[in-house]
Each structure stands twice: as C-alpha cells, then as structure tokens.
Amino acid sequence: MGSGTGGTQSASSQSASSNAPQQVKSITAEEKKLGDQYHPQLVSQYGGSFDAPQAAYVETVGKNIAVQSGLGNARSDFTVTLLNSPVNNAFAIPGGYVYVTRQLLALMNDEAELAGVLGHEVGHVAARHSQKRQKRAQRNSIFGAIGQIASAVLLGNSAAGRLGQQLFGTGSQLLTLKYSRNQETEADDLGIQYLNSAGYDPKALSSMLASLAAQSSIDARVSGREARNVPAWASTHPDPAKRVSRALQKAGANSSGVRNREVFLNRIDGVLYGDDPQQGVVEGTTFLHPDMRFTFTAPTGFGLQNTTTAVGITGQSGQGQLTLLPYNGNLRNYVESAFKKVGGDKTQLNYGNIQSTTVNGLPAAYSTARVNNGQQQVDVAVFAYEFSKSRALHFVTITPAGRGQTFNSMYSSMRRLSANEAAQIKPRKLDVVTVKSGDTVSGFARRMAYTQLQTERFLALNGLSRNAQLRAGQRVKVVTY
C-alpha cells in the first residue's frame with residue numbers, strides 16, 4: 001500500500017540531513033544484531049504487531065521518511081512496526097527498528113503527523129541516542145526472568161520507590177529509557193528536517209505534539225490512569241507541551257508542504273481504539289478480561305497498565321502485578337513458586353506461613369516476606385487464586401514494611417465474570433465521519449464512547465482548540481463501540 005503523494009522525493013533529499021550533528025552513515029552489524037535480539041520481545045510486550053491494513057500503510061510512510069536520514073540502504077535496513085497497544089507511544093531501538101502504537105496513530109490527524117513522529121524516532125537512530133545510553137540501559141536491564149530483576153533489587157541496588165518500576169516494568173524500558181533534553185531536541189530537529197526534505201509540512205510535528213499534550217492532560221485527569229500510560233510517548237519523550245512552540249518555531253510558521261489528511265483519515269477509519277478485549281480491558285481502576293473471565297479493581301489512586309503477560313498496578317504507596325505461572329492443582333506450591341520467581345536464583349525470600357482462604361468463591365492462598373533492600377524494609381506479598389485445577393492467577397505486590405493492607409481491597413475484589421458480563425465488553429473503534437450543517441462539537445462529543453471528559457477527548461482526538469467551530473464537509477474522528 002502506498003502513502004499518498006507525500007512519501008518520496010528526489011535522491012537529492014537523501015543527503016539533506018548530512019549536515020545534522022552526530023549522525024551515522026549506516027547501521028552496523030552489531031546494532032542490527034542487538035535490534036534483532038530484542039525486537040520479538042518488544043513486539044510481544046506491546047500486544048503484538050497489529051495485523052490490520054493500517055500496518056502496511058505505517059510501514060510505507062516510515063520507510064519513506066527513513067530514506068531522508070541519509071543512512072545507507074535506509075529503506076531496506078529499517079523495520080517499521082505498528083503495535084497492538086492502547087497506550088500512546090512511539091520508540092526506536094538500534095538496528096533500525098521503529099515502532100508506533102495504534103493508539104498514537106489514532107491520535108494523529110494526517111499523514112504528515114505520522115511521518116513527523118516516525119521521523120523523530122528515525123532521528124534517534126541516526127543520532128545513535130540509544131547507544132549513548134547503553135551503559136545505563138545495561139545497568140537497568142529489565143529483560144529476562146522477573147526473578148533476576150527482583151534479585152538485584154532486593155539485594156539493595158534500588159530504593160523501595162523504584163522497586164516496582166524495575167520489578168514490574170515493561171521490557172521496552174531496556175532500550176527506550178528516557179532521553180535527555182538535548183537528545184529530544186536533536187530528534188525533533190531531525191524529524192522536522194526529514195519532513196521538509198520529504199515534501200511534508202514541517203509544522204506537522206508541532207501539531208502532533210500539541211495533540212499529545214492535550215491527551216496527556218486528559219489521562220492525568222482520569223483517576224487511576226496515569227500509571228497505565230507509562231511507558232508512553234509523553235513519558236519517554238517528556239514535556240510535549242513545552243516542545244510544541246519550539247518545534248513550530250524550528251519548522252517556520254509560514255512553512256508549507258503536504259499533509260495528506262484525507263488519505264490518512266481513509267486509512268485509519270475503523271481502527272481499533274483503546275483496549276483489545278482479547279487482552280483484557282481497563283475501565284478506570286477496574287480490569288476485566290472477557291476471555292479469561294475475571295475482574296478486579298485496584299485501590300483508589302492506583303493506575304493499571306495492561307501488557308500481554310501481566311497487568312501492572314502502580315501508585316505512590318506500592319506496586320503490584322497480576323500474572324500467572326504453570327499450575328498443577330496445589331495452590332500452596334503455586335505460592336511457593338511465585339516467591340521463588342520473585343527471588344530468583346540468588347535470593348531466598350523468607351515468607352511466613354502460607355494462609356488459605358476463599359475470595360468470592362475462589363480458593364485462594366497468600367503470604368508475605370519482609371525484605372531489607374539496603375535502603376529500607378519492604379513487604380513482598382503473593383496472593384494467588386485458583387480458577388480451575390489447571391489455571392491459577394496471582395498478585396505480587398510491594399509496599400513499605402507494614403503497609404501491606406494497601407492492597408487488601410484489591411485482593412478481595414478478584415472474582416469471576418459471568419458469561420453475560422463478559423459478553424457486554426465490546427471493543428471501541430475509530431469512526432471517521434463528515435460534518436453536516438448544524439453539527440456541533442458538543443453533539444459529536446456526546447457520541448464519544450466514554451462517560452468522562454467527552455468534549456475534551458473529542459477535541460484532543462481531532463487536534464481542535466476549545467473554541468473550534470466545525471464546518472459542513474469537514475471530516476472528524478469519534479470513538480464508538
């Protein structure tokens with residue numbers, strides 16, 4: 001699938017970025033090997049690749065913008081992946097691997113904005129920003145077994161406040177750690193340069209950052225959603241609001257170029273929006289999984305982040321994760337296995353007696369270990385539930401010593417979903433509609449498939465200001481079921 005009229009330019013544009021500082025001329029074999037190693041893990045962590053028509057479109061736009069970097073064989077050396085993730089995120093790792101989530105794609109309003117985001121990430125690759133963080137990344141590596149990570153933390157390498165981040169973080173944090181302000185500025189500048197040389201409107205990166213800032217503000221206002229959106233472009237790429245004006249100034253207020261709005265809107269019409277029910281759904285502080293037929297609610301003030309292998313629970317007073325291990329019908333042995341997984345090969349957690357109970361009809365077992373991590377004492381708890389003789393789930397939580405009651409309400413909220421409840425969980429999708437005479441922002445906002453901040457969501461989704469006036473024939477996006 002093509003990318004419309006804004007994708008490619010003459011060969012001379014490939015050298016347009018040659019004057020940019022600290023850019024590499026080619027991707028090395030070592031970088032490619034590193035990317036090859038971590039690519040499958042990143043894709044899995046972010047819900048898998050999104051196998052939809054939009055994927056080929058994103059790949060084409062991404063490779064066309066990668067050519068503008070001047071990297072040798074950029075079109076063939078870059079791998080551009082659309083991820084099936086409900087968080088607003090885009091990132092790149094060494095070896096020419098560039099990623100964008102379907103959620104961030106839905107926030108965009110034209111092809112130039114997509115090219116700007118992908119160009120920004122290509123800029124990180126061209127400027128070798130990941131390599132400059134390599135030692136730090138290796139120190140904070142969170143790929144591999146959860147026990148290996150926890151072992152290092154429990155031996156005193158981190159304060160309790162960072163224990164959850166390392167123990168329960170997503171794998172992408174290894175190579176997508178937060179960039180420095182200078183690195184972000186350089187990637188912005190390179191992205192704008194690539195837009196220009198590809199014939200796109202270079203102001204597109206600024207408008208995309210403005211939409212992201214608006215959406216980030218909404219996420220921060222919705223109770224329990226802050227942590228769920230980490231990692232996100234607003235986190236790994238900080239201060240989007242502050243970067244809007246700078247990006248606009250760098251692009252030039254009077255600059256012009258292709259936006260390809262109609263082509264873009266046609267391509268993203270109908271795309272899945274928000275959670276994929278097959279992976280579970282987050283509604284405020286409640287998690288529901290219609291396929292596995294269970295639900296639980298996090299404590300007030302805690303956020304939920306869903307991945308393909310676990311659900312993270314994050315707040316100021318503790319961290320947690322819901323996941324599963326192989327189960328043979330013995331819940332006590334299961335709890336012991338979970339503690340061994342947390343402790344890893346080198347750390348034996350001294351947990352107390354394993355207690356048995358019943359939670360909403362589910363057999364359950366739990367225990368707590370007191371750990372001194374070198375900074376302070378923390379409590380590591382495992383709370384497991386039997387759903388059948390071959391399947392169990394468990395929480396692992398970490399709190400300051402003596403504060404384990406923080407998660408009591410969550411432990412007691414775990415229950416089965418009825419068949420009727422599971423059937424009521426439906427996916428949201430993006431619907432591109434044409435404005436008719438008399439249509440208003442408030443009217444479209446009422447059609448948004450949310451109960452909170454409908455007007456704010458509609459405006460952010462469409463890159464509109466608070467006092468925006470709609471005109472007949474204009475196309476806008478709404479989120480429906």
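**Exercise 1. Find which residue in E3 stands opposite Thr79, and place the pair in its sheet.**

Step 1. Thr79 faces Tyr97 of E3. The model is predicted, so local features need pLDDT of at least 70, side-chain atom pairs count only at pLDDT 80 or more, and totals for chains, interfaces and linings use all residues. Residues are numbered from 1 along each chain as its sequence is written, and side-chain values use heavy atoms, with hydrogens and water left out.

Step 2. Strand E3 covers residues 97–101 and runs parallel to E1, with five bridges between them. Strands are DSSP runs (E, at least two residues), as are helices (H or I, at least four), numbered from the N terminus. Two strands pair if DSSP finds at least two bridges between them.

Step 3. The open sheet has three strands, ordered E1-E3-E2, with mixed pairing. E1 (79–83) and E2 (90–93) are the edges; each has a single partner strand, so one side of each lacks a neighbour in the sheet. From one strand to the next, the twist averages 20 degrees.

**Exercise 2. Which strands does helix H1 touch? Add helix H5.**

Step 1. H1 (residues 29–45) packs on the sheet and touches E1, E2 and E3. Contact means heavy atoms within 4.5 Å.

Step 2. The direction of H1 makes about 20 degrees with that of E3. Axes are lines fitted to C-alpha atoms, for helices over the stretch in contact; angles run from 0 to 180 degrees between N-to-C directions.

Step 3. H5 (residues 111–126) lies across E1, E2 and E3, at about 25 degrees to E2.

**Exercise 3. Is Asn88 buried or exposed?**

Step 1. Locate Asn88: the loop between E1 and E2.

Step 2. Its relative accessible area is 8%, so Asn88 is buried. The cut-offs are under 20% for buried, over 50% for exposed and partly exposed in between (1.4 Å probe, protein chains only).

Step 3. Check Leu104. Asn88 and Leu104 lie 16 residues apart in sequence, with C-alpha atoms 4.4 Å apart in space.

**Exercise 4. Describe the sheet with the order E5-E6-E7-E15.**

Step 1. This open sheet has four strands with antiparallel pairing.

Step 2. E5 (281–283) and E15 (415–416) are the edge strands, each pairing on one side only.

Step 3. E6 (residues 286–289) and E7 (residues 294–297) are joined by four bridges. Within E7, Thr297 is the bridge partner of Thr286.
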